[in-house]
Each structure stands twice: as structure tokens, then as C-alpha cells.
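Open the model in your viewer, set it to a cartoon view, and keep the selection tool at hand. Let's walk through it stop by stop.

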Amino acid sequence: MYCRTKGSAWRTRDMHSILLTNPIALLAVILGSTIIFILFLQPRHLSYSPKSDSMAARSFVLWLHGLGDSGPANEPIKTLFRSSEFRNTKWSFPSAPENPVTCNYGMRMPSWFDIQEIPVTADSPKAESDVLKAVQNVHAMIDKEVAAGTDPNNVFVCGFSQGGALTLASVLLYPKKLGGGAVFSGWVPFNSSMIEKFPEDAKKTPILWSHGMADRTVLFEAGQAGPPFLQQAGVTCEFKAYPGLGHSISNEELQFLESWIKTRLQSSS
């Protein structure tokens, strides 16, 4: 994610330790961070038996990228999920449309919805109408996969930063219980008044929330506001804090995500 900070000055961004002087230069840095964490991960060689294919149910993982990023840039993530349970998993990495973003002087860039300010705090303004439009598009992707035969209980929506916020909104407003929603360095993109619109079945979808404690783009406090909000809505949430982690995804987070999804996959009959 990249945007102007509150006020007129540009500030140093988390682990990059670079003074950002304009939004174009910032784009190159942030887009690189999504790819770099993948390139430096150590592959894990796990044993696999062909017999397990017949036992692995069809599943679907939808990954939503952050502001200014793209779906294809995140596709290497799927190569890290090497367990046999994922042999019948369909992955989808859609790209957000280009939209003007308020916090970046109205500059057009890949964005699921508008963002008013950076850093995102627990009290940042919410662009609810924009979020709801994006949610409809995500629901259409899920509906298409369910219509193709995937059990909704084997559908997992995951997202980083702005994609994490959209993940949360999409899962909580979907009319059916899903396998789970995983939020990485995200935030709650709407006010508590939206809770009354959550379908009862959607409240049964478990949420995994991971956030770096050194995040200077989406502040840790924004992540910490998630569990109380979800508790108020009656939604189960597992929150994991990562000391020293800035606005990026770590190998440790993805390894945990793999095990978290595995324990929730429904077996084929």
C-alpha cells in the first residue's frame, strides 16, 4: 500500500527506511515488498502420497492484494502450500481496477476502494459505499466457484492490507458460512452500525487476523481494533501479533495460514 501521510509531508515507511518524496517512487518500493518476501522464503519439501488426492476435497482460495499491487504479482504464494490437502485447491488472484485514491492526491492506481488517509489508524474515515461495491464483486467470484461445485465450507478468502480489509467485509456480508477469512495487516473498513447487516450464517465463518507490530502503514492499533469489533458481532477471531514485522507478510504468517486452512478443510465424501 502507498499513499500520502496525514498532513503534507512524506515520511519514512516501515522496513524500507527510505524518505519517500513522491507517490511514484513509493509505488516501486511497495510493489517490490510483496514479491521480495516470496523470493526469500525457503521452500519446504513435504512428503506427498498420490493416494491422498482422492481424499482431498475441492477447495478454493481467493487472494486479494493490497493497494497499488496486482493479482499476478502475488501468485507465487500458492507454491508455498505444498501439503497434499491443497492438491485439489483452485487459487484465484484477481487484480483491482484502477481508481482515484484520495490519500494519494486522487491519483489513479489499482485499488479495491478509496482510502482517505495513511497511515490507517483505528479511527480513520471509512469509505463504506466504496467498500460495499467492492464486496459485490468479491461475492460474484465466490458465487461462481460455489456454482461450479465447491462446498462453501472449503472457500477461503485471504487478503493483505487493503485486500485484508476487503476480505473482512466480503466474508462478513456473504450470505453463507465460508471456510474462513484471513486478514493480513488489514483493518475494519466500516462502522459498527454495519454489524446488524451481517447474515447469521456469515457470523459462523472463522477469522484469522495477523498483524505486524512495527507496521507504520496500517498501524498495529488498527489491527487490534479488529477482535473487539468481531466479538461484538459474535464472530470468532484468532489474532496473531508479529513483533518487529512492518507492513509486509512473513514466512511465519504464511506457514501458519497453511495449517489454519488445513484444519478447516472439509473432507470429500
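The tour below starts with the whole chain and then moves from one selection to the next.

**The whole chain**

Before selecting anything, keep in mind that this is a predicted model. Colour it by pLDDT to begin: the protein averages 85, and 78% of the residues score at least 70. Now select residues 4-52, where pLDDT stays under 50. The model still has 87 contacts beyond four places in sequence for this stretch. Where pLDDT is low, the predicted coordinates should not be read in detail. You may like to dim that segment for the rest of the visit.

Switch to colouring by secondary structure and you can pick out six helices and eight strands. Following the chain along its sequence, they come in the pattern α-β-β-β-β-α-β-α-β-β-α-α-β-α. Of the 269 residues in the protein, 55% are buried. Among contacts with a separation of 6 or more, 73% are between residues 24 or more positions apart. If you turn on the surface, its accessible area comes to about 11,600 Å², with 53% belonging to carbon and sulfur atoms.

**Stop 1: the E3-E4 hairpin**

Select residues 98-101 and 107-110, which are strands E3 and E4. The two run antiparallel and are joined by four bridges. For one position across the pairing, show Asn99 in sticks and look opposite for Met109 in E4.

Next, pick the five residues between the strands, where Tyr105 is the one to label. What is unusual about the phi of Tyr105? The angle is positive, at about 60 degrees, although Tyr105 is not a glycine. Most residues other than glycine have a negative phi, and most peptide bonds are trans. Tyr105 counts as partly exposed because its relative accessibility is 48%.

**Stop 2: onward from E4**

Continue into the loop between E4 and H2, the place of Pro119. Zoom in on the peptide bond from Ile118 to Pro119: this bond is cis, with omega near 5 degrees.

**Stop 3: aromatic rings**

Show the side chains of Phe, Tyr and Trp. How many aromatic pairs does a search of the whole structure find? The search gives nine. One of them is Phe113 with Trp187, an edge-to-face pair with 6.2 Å from centre to centre and 70 degrees between the planes. This pair links distant parts of the chain: Phe113 is in the loop between E4 and helix H2 (128-147), while Trp187, 74 residues apart from it, is in the loop between strand E6 (180-184) and strand E7 (207-212). Both Phe113 and Trp187 are buried.

Now move to Phe190 and Phe198. Why is this pair called tilted? The ring centres are 5.8 Å apart and the planes stand at 50 degrees, so the pair falls in the tilted class. Phe190 and Phe198 are both buried too.

For a group of rings, select Phe81, Phe86, Trp91 and Phe93, which ring pairs link into a cluster.

**Stop 4: Ser185**

Return to the loop between E6 and E7 and select Ser185. Here is another residue other than glycine with a positive phi, this time near 55 degrees. Is Ser185 buried or exposed? Ser185 counts as buried because its relative accessibility is 0%.

**Stop 5: Gly179**

Step back to the loop between H3 and E6, where you will find Gly179. At 4% relative accessibility, Gly179 counts as buried. Draw a distance from its C-alpha to that of Asn154: the two are 4.9 Å apart in space and 25 residues apart in sequence. Beyond neighbours within four places in sequence, Gly179 is in contact with several residues, including Pro152, Val155, Phe156, Pro206 and Arg264.

**Stop 6: helix H3**

Select residues 162-172 for helix H3, then highlight Ser170 within it. Ser170 is buried, with a relative accessible area of 0%. Leaving out neighbours within four places in sequence, the contacts of Ser170 are with Val135, Val138 and His139.

**Last stop: two cysteines**

Finally, select Cys158 and Cys237. Cys158 is buried at 2% relative accessibility, whereas Cys237 is partly exposed at 24%. How many disulfides are there? The count comes to zero.

Note on methods
Residues numbered from 1 in each chain as written. Predicted model: local features only at pLDDT ≥ 70, side-chain atom pairs only at ≥ 80, totals over all residues. Heavy atoms only, no water. Buried < 20%, exposed > 50% of the residue type's maximum accessible area, 1.4 Å probe, protein only. Contact = heavy atoms within 4.5 Å. Disulfide = S-S within 2.5 Å. Areas by Shrake-Rupley, 256 points an atom, 1.4 Å probe, with all protein chains shown as cover. pLDDT = per-residue confidence, 0-100. Pairing = 2+ DSSP bridges. Phe/Tyr/Trp six-rings, centres within 6.5 Å; stacked < 30°, edge-to-face > 60°.
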